[in-house]
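Subject: Structure handover

Hello,

Here is the structure I said I would pass on. Please open it alongside this message, as the notes below follow the chain.

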Amino acid sequence: MADRIRWGILSTGSIASTFVEDLRLLPDAVVSAVGSRTSASAERFAAKHGIPRAHGSWQALVDDPEVDAIYVATPHTAHFDATMLSLAAGKATLTEKPFTLDVASSEVLVDTARAAGVFLMEAMWMRCIPAVRRMVELVQGGAIGEPTAVHADFGMQVPRDESHRLWSRTLGGGALYDVGIYPVTFAQLFLGAPSSVHAWARMTDGGVDQNTGMLFGYDSGAVAALTCGLVGDTARRATITGTTGRIEVARDFFHPQGFTVWHGDEAEQIDLPFEGAGYHFEAAEVHRCLREGRTESPLVPLAETLDILTVLDVVRVKVGLDYSG
């Protein structure tokens with residue numbers, strides 16, 4: 001790869017803005033272009049962020065020879081089409097979570113990328129945050145004994161507006177796939193895939209989940225109690241309990257700058273602060289993989305992305321969340 005990896009930003013929403021700002025923290029990253037469904041939107045975004053080229057279509061963006069990697073930041077329902085365009089153009093692709101709203105279509109993306117030998121990774125930034133990586137190392141190293149339970153919640157107070165993507169079934173709204181994917185992924189990091197899944201949700205009249213609870217069981221005997229919602233600002237904390245200790249993560253467990261390891265009444269605080277919002281860590285992982293000639297990330301494995309989407313599929317069916325039609 002060249003000294004700097006050139007990014008193309010596909011879509012112009014708020015998460016795309018945050019990603020672009022965080023890329024400035026990487027000396028080997030440059031944002032070369034942005035693409036949107038309209039020239040006006042792309043040009044506004046380019047002007048705001050100082051991006052040299054603005055494309056009025058996704059196709060023009062992925063065909064840009066001055067772009068090495070594409071960041072797909074569209075609403076969930078457009079992830080599949082945008083990612084397929086990028087892969088067909090042979091561009092390394094980082095697609096926002098979730099890949100898609102069902103595991104079957106995500107499997108198509110993975111199969112397409114593997115067949116073409118093109119890099120693909122889910123933008124599950126939580127897995128790349130230094131504190132989360134350190135927790136995984138500690139648990140795998142036996143720092144708290146055998147893991148027995150994970151508790152995690154992610155709830156927001158989102159004003160009810162049926163036109164907003166979070167409340168719109170046609171835009172892939174609801175709590176589960178937008179914020180519930182974080183506690184589910186967190187549990188997967190420490191306990192693996194569950195053998196038993198129970199779930200309940202309060203649904204809106206528009207057909208999306210607004211308050212959801214999940215209880216997972218594991219062959220090891222461990223359990224996970226997870227919640228997500230759009231109707232209340234929860235503590236957004238997480239705990240991993242083991243046979244000899246526990247790890248507690250304070251508010252916003254999905255991008256923490258530290259955590260506490262407890263052994264009985266003895267606490268050890270581990271701080272791993274960082275600049276920015278934390279999106280640059282997933283971009284740095286893409287850079288590392290591309291420079292090493294990898295088409296998949298060992299830190300955010302495609303197989304685990306599909307495993308988590310398989311669990312979300314089960315939860316979705318159990319609570320009656322249906323995006324078809």
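What follows is a summary of the two sheets, the helices that pack on them, and the domain records.

Please keep in mind that this is a predicted model.

Start with the N-terminal part. UniProt, in an unreviewed entry, lists residues 5-122 as "domain: Gfo/Idh/MocA-like oxidoreductase N-terminal". That span is 42% helix and 24% strand, with its end C-alpha atoms 18 Å apart.

An open sheet of 6 strands has the order 3-2-1-4-5-6, with parallel pairing. Its edge strands are strand 3 (53-55) and strand 6 (120-123), each paired on one side only. From one strand to the next the twist averages 25 degrees. Within this sheet, strand 1 (residues 5-10) runs parallel to strand 4 (residues 69-72) and is joined to it by 4 bridges; G8, for example, has I70 in strand 4 as its bridge partner. Helix 4 (residues 79-88) lies across strands 1, 4, 5 and 6, and runs at about 170 degrees to strand 5 (92-96).

The second record, also from an unreviewed UniProt entry, is "domain: GFO/IDH/MocA-like oxidoreductase", listed for residues 132-248. Here the composition is 22% helix and 35% strand, and the end C-alpha atoms lie 11 Å apart.

The other sheet is open too, with 8 strands in the order 8-9-10-7-11-12-13-14 and mixed pairing. Strand 8 (196-203) and strand 14 (266-271) each have a single partner strand, so one side of each has no neighbour in the sheet. The twist in this sheet averages 10 degrees from one strand to the next. Strand 11 (residues 238-242) and strand 12 (residues 246-249) form an antiparallel pair over 4 bridges, and T241 is partnered by R246 in strand 12. Helix 6 (residues 130-140) lies across strands 7, 11, 12, 13 and 14, at about 25 degrees to strand 13 (258-263). Helix 9 also packs on the sheet, where it touches strand 8 and strand 9 (209-217) and makes about 50 degrees with the direction of strand 8.

Helix 9 has a helix partner as well. Helix 5 (residues 103-116) packs with helix 9 (residues 302-319) at an angle of about 170 degrees, the axes being 9 Å apart. The two are therefore roughly antiparallel. Their crossing is left-handed. On the helix 5 side the contact involves V103, S106, E107, V110 and R114, which meet L302, A303, L306, L309, T310 and D313 of helix 9. By class, this contact has 6 nonpolar, 2 polar and 3 charged residues.

Regards

Definitions and conventions
Residues numbered from 1 in each chain as written. Predicted model: local features only at pLDDT ≥ 70, side-chain atom pairs only at ≥ 80, totals over all residues. Heavy atoms only, no water. Pairing = 2+ DSSP bridges. Axes fitted to C-alpha atoms, helices over the stretch in contact; angles between N-to-C directions. Contact = heavy atoms within 4.5 Å. Parallel < 35°, antiparallel > 145°, perpendicular 65-115°, else oblique. Left-handed = near helix turned anticlockwise from the far one by under 90°. Nonpolar A, V, L, I, M, F, W, Y, C, P; charged D, E, K, R; others polar. UniProt positions renumbered as here; feature names shortened; annotations may be inferred.
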